Amino acid sequence: KRKTEKKPSIRKKAIFSLGSIAVIFLLSGAITFIEYRGMSEYVSERMTDSINNITLSQQLSNITEEYNNQMLAVVIKKDISIMPDLDGLDRFESHLNALKSSMSSEESLAILEKVQNSFHLFINTSKDFDSVFLAATIDTDDWFFQVLQPAYNDFNHNMTELNSAIHSELQNNSINFDNSFYRSIVPGIVCICAGLLL
């Protein structure tokens, strides 16, 4: 007599099928969660850096503008005793170093280098103010507007470029966040499709 092979019952088949679907759902759900969390943290970190960079950039502009306005006050009042102190400009270097450590693109770092160079040119030019002010042959007003201000305007031009680069980086990070969201939900979509097929 032939031994009849015992076939799995309908109930066991159903349990196996539902169990497989549950495992697929759990795995894809875990993958979706891990993928989204990882990408979300990374992009959020980058966006936070970009926002901090905007703040630092604004502080760089404010520090230099304040110093330039104080120089202008000396020229207008003809009073060298209110000459601004250069020691306060140390904050500029600290903010600049913070920007260097947080910016990653080659383009942004190149612009940042231009900002640093133009700032140093402006400050070094301003150091000649004492000798210009005391010189009888040089008009202080002319020197301020024809020598110092062009250096300051060059700095402002470079700062405008830097701000544009930082805002572009922020926009790119926002786009990356959207893309990462769609990539992270793909495993969930695959899971639903696989569940329907099963």
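Helices here are DSSP runs of H or I with at least four residues, numbered from the N terminus. The exercises below concern a predicted model.

**Exercise 1. Place Leu 27 in its helix, classify its exposure, and identify the surface feature to which it belongs.**

Step one is the assignment of the element: Leu 27 is found in helix α1, which comprises residues 10–77. Step two is exposure: because the threshold for an exposed residue is over 50%, Leu 27, with a relative accessible area of 54%, counts as exposed. Step three is the surroundings: together with Val 23 and Ile 31, Leu 27 forms a nonpolar patch on the surface, and the accessible area of these residues together is about 280 Å².

**Exercise 2. Test whether the end-to-end distance of α1 agrees with its number of residues.**

Begin with the expectation, which for the 68 residues of α1, at 1.5 Å a residue, is a span of 100 Å. Then take the distance between the end C-alpha atoms in the model, which is 99 Å, so the two values agree. Finally, look just past the helix, where Lys 78 takes a positive phi of about 55 degrees.

**Exercise 3. Determine whether Arg 46 and Ser 57 are buried or exposed, and list their contacts beyond four places in sequence.**

Both residues belong to α1, as the assignments of Arg 46 and Ser 57 show. Since buried means under 20% relative accessible area, Arg 46 is buried at 17%, and Ser 57 is buried at 0%. Leaving sequence neighbours within four places aside, Arg 46 is in contact with Ser 102, Ser 104, Glu 169 and Asn 173, whereas Ser 57 is in contact with Leu 99, Met 159, Leu 162, Asn 163 and Ile 166. As a further step for Arg 46, consider Leu 170, which is 124 residues away in sequence but whose C-alpha lies 8.0 Å from that of Arg 46.

**Exercise 4. Find the salt bridges of the structure, and describe which parts of the chain each one links.**

The structure holds 2 salt bridges. In one of them, the side chains of Asp 141 and Lys 78 meet at 3.0 Å, N to O. This pair links distant parts of the chain, 63 residues apart, with Asp 141 in helix α5 (residues 140–197) and Lys 78 in the loop between α1 and α2. On exposure, Asp 141 is partly exposed at 29% relative accessibility, and Lys 78 is partly exposed at 48%.

The other joins the side chains of Glu 161 and Lys 114 at 3.2 Å, N to O. Because Glu 161 lies in helix α5 and Lys 114 in helix α3 (residues 106–126), this pair ties together parts that are 47 residues apart in sequence. Here too the partners can be classified: Glu 161 is partly exposed, with a relative accessible area of 26%, and Lys 114 is partly exposed at 37%.

**Exercise 5. Describe the largest nonpolar core, its contributing elements, and the contacts of Phe 92.**

First, the size: the largest nonpolar core has 30 residues, and those with the most contacts inside it are Phe 92, Leu 99, Val 115, Phe 122 and Leu 162. Next, the contributors: α1, α2, α3, α4 and α5 each give two or more residues to this core, and the largest share, 10 residues, comes from α5. Last, the contacts: not counting residues up to four places away in sequence, Phe 92 touches Leu 60, Ile 63, Thr 64, Val 115, Phe 119 and Phe 155.

How values were computed: Residues are numbered from 1 along each chain as its sequence is written. This is a predicted model: local features need pLDDT of at least 70, side-chain atom pairs count only at pLDDT 80 or more; totals for chains, interfaces and linings use all residues. Side-chain values use heavy atoms; hydrogens and water are left out. Buried means under 20% relative accessible area, exposed over 50%, partly exposed in between (1.4 Å probe, protein chains only). Contact means heavy atoms within 4.5 Å. A salt bridge is a side-chain nitrogen of Lys or Arg within 4 Å of a carboxyl oxygen of Asp or Glu. Patches are made of residues with over 30% relative accessible area and no salt bridge: like charges are joined within 9 Å, nonpolar side chains (Val, Leu, Ile, Met, Phe, Trp, Tyr) within 5 Å. Accessible areas come from the Shrake-Rupley method with a 1.4 Å probe; for residues, only the protein chains shown count as cover. A nonpolar core is a set of buried Ala, Val, Leu, Ile, Met, Phe, Trp, Tyr and Cys residues joined through side-chain atoms within 4.5 Å. The expected span of a helix is 1.5 Å times one less than its number of residues.
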